[in-house]
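Here's a quick tour of a protein chain, starting with the whole fold and ending with its aromatic rings. Have a look at the structure first.

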Amino acid sequence: MSLFKRFFSNGKNEEYIPIQIKKAFIEKGLSLALIREGVDELVCFPLNLTISQLKQETQLELLEILESLWYDEMLHSDSEGYCLMYTDLLNLPFEIKDFMGIPEPVKPELMLGHEGAVGTSRFQFVLHKSYGQWRNVEQTSKIVGPWIALPDGSMRLLDLDTFELDQLIRNSPDSRDTEKIFSYVAEVRNRAKRLGIPIDSYLERQEYLFVDHLELQVEYDDKKIHIQPTYVSDEIDPTLLESLNDKGARFAVGAGREKVFVDPKVWEQASKIKEVPTIQGDDIPRFAENPEAFLPDVEGIDLSLFGDRVKSLGIRVYRTQPFVHAKESDRGWFQIETGFSAVNETGEVWQSFKPDEFQQLIQEARNNGNEYFEWNGNWLRIPAEVEDFIQSTGEVQKRFGDIPVVDITSLPYILEIYENISQLEFNKPILQAHQELHDQGVLERRPPDSFQATLKPFQEDGYVWMKMLHFRKWGGLLADDMGLGKTIQVISLLSYLQHTNLLTPTLIVVPKTLIDNWEKELMKFAPFLLPSLYLHRGTDRIKSPEVLRQIGITITTYHTLARDQLVFGQVEWQAIICDEAQAIKNPSTAASHVLKAMKSKFRLAMTGTPVENGLSELWSIMDYVQPGLLGSLSEFKREFITPLEAGEGDSAVEKRLLAKLSSVYKRRTKSEELAGQLPPKHHHVLQVPLGDVQKRLYAEILELVKSKMMDGLQAIQRLKLLSSHPGLIAPEWVNLPPEMVPKLLHTLQIIDDIKSKGEKVLIFTEYLKMQDILKSAIRDRFGISSFIINGMTDRRQLVVDEFNRKPGFDVLILSPKAAGTGLTITSANHVIHYTRWWNPAVENQATDRAYRIGQDKPVHVYCPIVTDNEGVLKQGTVEEIVHRILSEKQELASSIIISSRKLDLEKEVLQKFSL
């Protein structure tokens, strides 16, 4: 049988043969073959069926579920079709398992027995299983992998613990292999005891104990760090464990003649950890910043507590930041101060050093080839180009004296002296003077001819702005509104860097979900860059700094960057670009540590939401972009965060902050930049009544609140669910016809109109069950299978590409948060917010999937709101309250200075919710 060859029925007169789904219970899980009767071919996903073919499918809903699982990479191809692995079966939502006829896992009544004596050829474990009325089903039933076919013909799925123990018993070593059998007996016996499974008296008498857990201990003494693997077990005598640990043995006999075995996997883990050399010298601060990078890749070791143990060692590592400050001493005159600041991860200055003082401290470290040095019990990182900085400082002093005092016209000259030094901290007077420098050639607004796109005027501004920053060796934060093309602007900069031989090596750091999108965008706008593009991911990723130095553009994820920091840290990058820079909003994360310590001539951060949960996130991003610009975190809190959160003179404080950011920060909004360029956007607020079932349930919930049997916040959540569909709070109403749920019916009528125009629509709701209800209703009414993008969807870009490619009418259902970044869906020009998100900024981001550059049709945004048309409720329905508050907060949502947390509406809705 040829595999996965698509079957199409193209001729109008050719009879369409529906797809049959054959299920088989196999060792790995569930086998699924998609076939057509009489056709010797398997069918594969995606199906790409026409509407008439969809209507002829007898198992359409099941096909839709399977196709969704395929898009989520849960269906794996094999020689028989597809396989749904056992572990994936366990993780499926209950609704999907129920529909597919997959039983919930059961835990039989177990007892561990045996046959023969340990050490003889007849010995084997027997796992006795009883379920319901059946005893010893291991003898009376057929067992295939995790499946039990009971005598009555019904199938049961084993729970994970039982299955793993069963597999361990089935895969036993040769009972005569004395090197393995005793350890194996200890392992099985230990597993059964841990699971609370009774064992027979013979096995109970076998004093075989088993070590299957390992922890890592870390010690810091005599300026050396030792990592020691330690066996751990609650049931083994600590003295015996200590002996095993000291000797590194696999086997020991206790005073009571109990025999202790170490799991071979655990012993191998310990052996690998023991190969880690003693950490000393320059590696001590590196280890303190990212201990995981010093450990080998060992599966099964829980490192969650290891970081806390390392922190408890009290090793402090400071970043040393060279600075050039201009202090106003008289009108128009400035005193120049230079030196080095030792700052912690929050930007607090611990110690300052004069250049000559610092030079003495680092001389010995440099002689030994070190990047850190120890000073007063703490570690300091030596900044890149420190010698060049000290030499430039000497030139300034030679020209202007030991305590240079210059007028403003001399500041540009001083900056020219330092122009070959990257990542300097400048204060405001110097930044202003630097702004006035004329950049020859940098003001050219058109990218190189090889760049295959035409930038809009504001994008040209962004292109020139980034070139100017790069020329001056400053960092920048590109915070354009979503949908304004931040990626294409950065690709134009990459084209310029390639054109001027300044590209290699460049590093782009992105969330995992955006790697493929970056590759696609580069292919579209700058295909000439593809030969120099490398995606750093997977187990075979490059581990050589020398190779990375020769690559034009390297793209990796924040997690992989932290993992491979020792490799990346040895490369002096031309540019480091962080997309969705919210990933470094916390200054204490590994990604923040690594990025702020790396060598680069130019740094750029990209994000449409630099402030999500608090202004400290903006500080952390700016601390990467331009260190020192916003002072330390405590200073920033005192000057900006505290007054803004207290609401003290918001406007004046915001203006002062934006003025401080202005030199290295660019933010444009669609309303400002695309006025007259984007098609119009029309908002439609549609009032719909409650259905009869909804009215009754609504009244019942209100009565529960009155009688103090339900609190207000819980009631609001329930009423919000109920307003969407009664089936979200009472499963028996899931299949209500749309005519009994006015909101659903009205939504389908909106889609009717969209279909008549041959256009596409996005529907947003955060409720997974509502997504399924919408999918079913749309399938029944329009004969199409709508894709869903939510938190379970890994292949987001593939789904979007398929949706964009398909001509004419179609529907895509999405969760607002899952679709918040990296998706461009301009093939749709209709957006329905079936349920309203608590945060208007998040809701706006969802709309912007369609309303962005590339959209050439008028965009219609619909908000069906369940209303109290009978005037019974004082404040209206919960949806009416939410809508009123969202409307009031729209202007606030457009501000990047006010955190999204301040826009959380639950409390305000609760205040206005009354009976």
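What follows goes from the overall shape to two ring pairs.

First, some ground rules: this is a predicted model, so local features need pLDDT of at least 70 and side-chain atom pairs count only at pLDDT 80 or more, while totals for chains, interfaces and linings use all residues. Residues are numbered from 1 along each chain as its sequence is written, and side-chain values use heavy atoms, with hydrogens and water left out.

**The whole chain**

The protein chain carries 35 helices and 37 strands, taken as DSSP runs (H or I, at least four residues, for helices; E, at least two, for strands) numbered from the N terminus. Its C-alpha trace spans about 95 × 80 × 65 Å along the principal axes. The radius of gyration over C-alpha atoms is 33 Å, which agrees with the value near 29 Å for a compact globule of 915 residues; that rule is 2.2 Å times the number of residues to the power 0.38.

How much of the chain is buried? The share is 55% of the 915 residues, where buried means under 20% relative accessible area, exposed over 50%, and partly exposed in between (1.4 Å probe, protein chains only). Among contacts (heavy atoms within 4.5 Å) with a separation of 6 or more, 67% come from residues 24 or more positions apart. About 41,300 Å² is exposed, and carbon and sulfur atoms supply 48% of it; the areas come from the Shrake-Rupley method with a 1.4 Å probe.

**Aromatic rings**

A pair of aromatic rings is described by the distance of the centres and the angle of the planes. Here, rings of Phe, Tyr and Trp (its six-membered ring) pair if their centres lie within 6.5 Å; planes under 30 degrees apart are stacked, over 60 edge-to-face, and the rest tilted. By this rule there are 20 aromatic pairs, including these two tilted ones:

| Pair | Centre distance | Plane angle |
|---|---|---|
| Phe45 and Trp70 | 6.3 Å | 40° |
| Phe389 and Tyr418 | 5.5 Å | 35° |

Phe45 sits in the loop between strand 3 (39–42) and helix 1 (51–56), and Trp70 in helix 2 (residues 60–71), so the pair links parts of the chain 25 residues apart. Phe45 counts as buried at 4% relative accessibility, and Trp70 does at 14%.

Phe389 belongs to helix 14 (residues 386–400), while Tyr418 lies in the loop between helix 15 (411–417) and strand 24 (425–426), 29 residues apart. Both Phe389 and Tyr418 are buried, and they belong to one aromatic cluster that also includes Tyr318, Phe340 and Trp350.
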